[in-house]
Amino acid sequence: MFHLTISCGEQSTVLECQEPVLLADALEQARAELPMPCAGRGTCGKCRVKAQGALSPPDERERQLLGGALEQGERLACMARAIGDAAVTVSKAETVVLSYGELPEFPLKPDSQGLGAAVDIGTTTVAVYLYDLSSGQLLGKDAFPNPQAAYGADVIARIQKALEGQGAAIQRSLQERLRDSLLRLHGEPERISSLVITGNTAMLYLLLGEDSEPLSHAPFQIREFFGRQVEPSSLGIPELAKARLYVPPLISGFVGGDLVSAVLSSGMTEQAEPAMLVDVGTNGEMALWDGKRLLCCSTAAGPAFEGAGITMGMPAAPGAVSQVRLDGNSMVCGVIGGGRALGVCGSGVIDGVAALLELGLIDEGGCINEDSPLTHMLTQWNSGPALRLGESGVLLTQRDIRELQLAKASICAGIRTLLHEAGMAPDDLGAFLLAGGFGSYIDCASAGKIGMIPAELAERGRPIGNAAGMGAVMELLNLSFRDRSREIAAGAAALELSSSAYYMEQYVDAMGFPEQQ
């Protein structure tokens, strides 16, 4: 027997181990949250921890992913094993999670008195809002990274983990984190009499214990569409056993209640002019209102926009390059929290690639131009070309650019496919709304330069914050909005992009970068 000490923030746990244990498994046992974007397949190199003591020697793959960090005591939790007494430290970086949004004025008509909570569960982040149901006053709000990221950055990875027998652990990880959040917002969560929890289909299924197997394969037909009250016992939070839990309606397997809630709060279906709403993220969802009907789709953009899959990528946390602008032939980087850059988040990647395109350091096919006269910006990474983001010390590799091309092509092709299905052109839209945490931080000019959104829409993009969370608040404070959300879902048509020849054509076409003006 040996002892493995795990430290995460102020919490420290000592595990007694009878045999060698994978650090990732030990962290799960100790409930130490650590994102694993690749779901532990040893491909992303993001599950870094400080480790010392009796550990398995690193193999060639781990050495390649860690580079010089290996000499600083870093190991990958999904690859290293404790084989004797050892200690592991997990760094807890505070992710910047968007919780603000645009809430229209409306009369109060809650389903009960006392306290109420509205929750928006995203693939990457979770937002919680606590209200006084009698006055409609916001008492507090909280936001945190979705702890299910320890089981994979995207919904497909988490569904696969659930099918492999980890569904209960995935469910419990979020339930416990949600309970902690409510406890912080109010010391007596048993006083909460009403909850509304919105989210994409997979996140709601995994939280509430629904069978996610149908989401793992075509035709992705689901049995539970919600739009009703659910037994609060599904949440696994004892203090909420008597609360009324409402879950907004789903549209399809990959177009969830979060998009319905976002459409509701945006008010776009109450207007005569055509409008499009895009929630850009790991699971990009979008809706087009043509004045009479609502068309929706979901694009599997992948985790690149959240910093995963990028060599020096990281979430939007202190130390992340989040903005890049040009000053002549030089780059100026904005770092969250100021100070030294530790990596780059999604908005920084988009800005950075847009600037590099403008400087001619990346061609229209996405290849790094190694013949550029701007030699101070060229370097090497793992025997391949890479580009420096100014003086930040952060690099973008050729592989990073390819990852961005895949993600941005998915979003752009989805937008164009919705417009095509409606028989519309970008100029026909009266409003182009960007929702969600990542969408609200995108520089539309940069997104247009790299071809993530059609250039015609770049000047009209308007961020509206956490629209899904605001929709959940509306459904919490006024029962009539629940009826309206069910009407929105019932009247929506979901496009299945995987079977759309037009989408595939647009996806291939959008893979390259637009010609720079």
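Is Thr417 buried or exposed? The tour returns to this residue after a view of the whole chain. The model is predicted.

**Whole protein**

Begin with the cartoon of the entire protein, in which 13 helices and 24 strands are assigned. The radius of gyration is 23 Å, close to the 24 Å given by the globule rule for 517 residues, so the protein is as compact as a globular protein of that length. Aligned on the principal axes, the C-alpha atoms fill a box of roughly 65 × 60 × 40 Å.

Next, display the surface. About 21200 Å² is exposed by the protein, and carbon and sulfur atoms supply 48% of that area. Of the 517 residues, 58% count as buried. Among contacts with a separation of 6 or more, 68% are accounted for by residues 24 or more positions apart. If charged side chains are coloured by sign, 38 positive and 61 negative charges appear, and their mean positions are 3 Å apart.

**Thr417 and its surroundings**

Select helix H7, residues 398-422, which contains Thr417. Thr417 has a relative accessible area of 4%; a residue under 20% counts as buried, and therefore Thr417 is buried. Show the side chains of Leu495, Leu497, Ser500, Tyr502 and Tyr503: Thr417 touches each of these, leaving aside residues up to four places away in sequence.

**Helix H11**

Move to helix H11, residues 467-477, where eleven of the eleven residues are buried. The buried set includes Met470, Met474, Leu476 and Leu477. Glu475 is also one of the buried residues of H11, as are Gly469 and Gly471.

**Strands E4, E5 and E6**

Select strand E4, residues 48-55, together with strand E5, residues 74-76. These two strands pair in the antiparallel sense over three bridges. To locate the pairing, label Val49, which stands opposite Arg75 in E5.

Then add strand E6, residues 81-90, which is joined to E4 by five bridges and runs antiparallel to E4. Here the residue to label is Lys50, which stands opposite Thr89 in E6. In a regular strand the side chains alternate between the two faces of the sheet.

**The hairpin of E8 and E9**

Proceed to strand E8, residues 125-132, and strand E9, residues 137-145, which run antiparallel and are joined by eight bridges. Thr125 has Pro145 in E9 as its bridge partner. The two strands form a hairpin with four residues between them. Select Gly136 in the turn, whose phi is positive at about 75°.

**The loop between H4 and E11**

Finish in the loop that lies between helix H4 (201-208) and strand E11 (228-230), where Pro219 is found. Display the backbone here: the peptide bond from Ala218 to Pro219 is cis, with omega near 10°.

Which backbone angle of Phe220 deserves inspection, although Phe220 is not a glycine? Its phi is positive, at about 60°. Phe220 is found in the loop between H4 and E11, and at 21% relative accessibility Phe220 counts as partly exposed.

Select Phe226 in the loop between H4 and E11 as well. Phe226 is not a glycine, yet has a positive phi of about 55°. The relative accessibility of Phe226 is 10%, and Phe226 counts as buried. The cut-off for buried is under 20% relative accessible area, so Phe220 at 21% is classed as partly exposed and Phe226 at 10% as buried.

Methods: Residues are numbered from 1 along each chain as its sequence is written. This is a predicted model: local features need pLDDT of at least 70, side-chain atom pairs count only at pLDDT 80 or more; totals for chains, interfaces and linings use all residues. Side-chain values use heavy atoms; hydrogens and water are left out. The radius of gyration is taken over C-alpha atoms; the globule rule is 2.2 Å times the number of residues to the power 0.38. Buried means under 20% relative accessible area, exposed over 50%, partly exposed in between (1.4 Å probe, protein chains only). Contact means heavy atoms within 4.5 Å. Accessible areas come from the Shrake-Rupley method with a 1.4 Å probe; for residues, only the protein chains shown count as cover. Lys and Arg count as positive and Asp and Glu as negative; His and the chain ends are not counted. The place of a charge is taken as NZ of Lys, CZ of Arg, CG of Asp or CD of Glu. Two strands pair if DSSP finds at least two bridges between them.
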